[in-house]
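The following paragraphs lead the reader through a single protein model. Please keep the sequence and the structure in view while reading.

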Amino acid sequence: MKRNLFVILVALISITQSSAQTTTKPQFRNSHWGDTMAKVKATEQRRDLYPDKRDLYAFKSKIAGMECYVAYYFIQNKLTRAKYVTYTKRDNHDQYVYDYEGVVDLLKTKYGKANHSIMQWREGAYEDEYKTRVGSAVAKGYLTYETAWDTPSTHIMAKLYSFDYDVRISIEYKSLEHSKMIEEEATKGL
């Protein structure tokens, strides 16, 4: 009798957990933290830019009117983080700052007030010279912007930065539940 009661209890817990995940709001696009790559690919139905990678599913899309890459990262076949990275080119470097501010406004609408928001000048950068030309400062790598939010399940970080004079806006979503896995993966081999 006790064994039957235990089996029924385990079955009920399993059903409750699986239905809870399917009824909660997705953490990134239409996916939940912990989803398998196969499930995410079936949901997105986009051509994978890196089909040989076992821990990455990426494709091209648009966000806030800008061309971007969408990347899903997996550890042990579980979705642990995801990211948008823009690659739209602008003739006027200041337009990147306006684009970033627009993205931040959209994120504020969705997630509320940010936990932190900073403009970070690189040490030794020409801050006085570029105060009125912040777009050029970003393009040269002298200045980055960061804004972050936390939800009960996700850490969200928006960034405006330059890599080799290639200005990008990224929005990274990280699972709080899988943060230990993410940290261990990031420090593997150090």
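In this predicted model, a useful place to begin is the pairing of β3 with β7, which is antiparallel and runs over five bridges. Within this pairing, Y84 stands opposite I171 of β7. In general, the strands of a sheet are paired through backbone hydrogen bonds, in either a parallel or an antiparallel sense.

From this pair the view may be widened to the whole sheet. Seven strands make up an open sheet, and their order is β1-β2-β3-β7-β6-β5-β4, with antiparallel pairing. The edges are occupied by β1 (56-63) and β4 (116-121); each has a single partner strand, so one side of each is left without a neighbour in the sheet. From one strand to the next, the twist averages 20°.

Helices are packed against this sheet. Helix α2 touches β1, β2 and β3, and its direction makes about 25° with that of β1. Helix α3, formed by residues 94-111, lies across β2, β5 (143-150), β6 (154-163) and β7. The direction of α3 runs at about 10° to β5.

The aromatic side chains offer a second way to read the fold. The model holds 10 aromatic pairs, counted with ring centres within 6.5 Å. In one of them, the ring centres of F28 and Y72 are 5.3 Å apart and the ring planes meet at 85°; because planes over 60 degrees apart count as edge-to-face, the pair belongs to that class. This pair joins distant parts of the chain, 44 residues apart: F28 belongs to the loop between α1 (2-23) and α2 (37-44), whereas Y72 lies in strand β2 (residues 66-75). Are these two residues, F28 and Y72, buried or exposed? Both F28 and Y72 are buried.

The residue Y84, met above opposite I171, also takes part in an aromatic pair. Its partner is Y173, and the arrangement is edge-to-face, with 6.3 Å from centre to centre and 75° between the planes. Here too distant parts of the chain are linked, since Y84 is in strand β3 (residues 78-86) and Y173 in strand β7 (residues 166-175), 89 residues apart. Y84 and Y173 are both buried.

These two pairs belong to a wider group: F28, Y72, Y84 and Y173, together with Y57 and F59, form one aromatic cluster.

A further contact involves a charge and a ring. The charged end of R81 sits over the ring of Y73, at 3.9 Å from the ring centre.

Notes:
Residues are numbered from 1 along each chain as its sequence is written. This is a predicted model: local features need pLDDT of at least 70, side-chain atom pairs count only at pLDDT 80 or more; totals for chains, interfaces and linings use all residues. Side-chain values use heavy atoms; hydrogens and water are left out. Rings of Phe, Tyr and Trp (its six-membered ring) pair if their centres lie within 6.5 Å; planes under 30 degrees apart count as stacked, over 60 as edge-to-face and the rest as tilted. Helices (H or I, at least four residues) and strands (E, at least two) are DSSP runs, numbered from the N terminus. Buried means under 20% relative accessible area, exposed over 50%, partly exposed in between (1.4 Å probe, protein chains only). A charge sits over a ring if NZ of Lys or CZ of Arg is within 6 Å of the ring centre and within 35 degrees of the ring normal. Two strands pair if DSSP finds at least two bridges between them. Axes are lines fitted to C-alpha atoms, for helices over the stretch in contact, and angles run from 0 to 180 degrees between N-to-C directions. Contact means heavy atoms within 4.5 Å.
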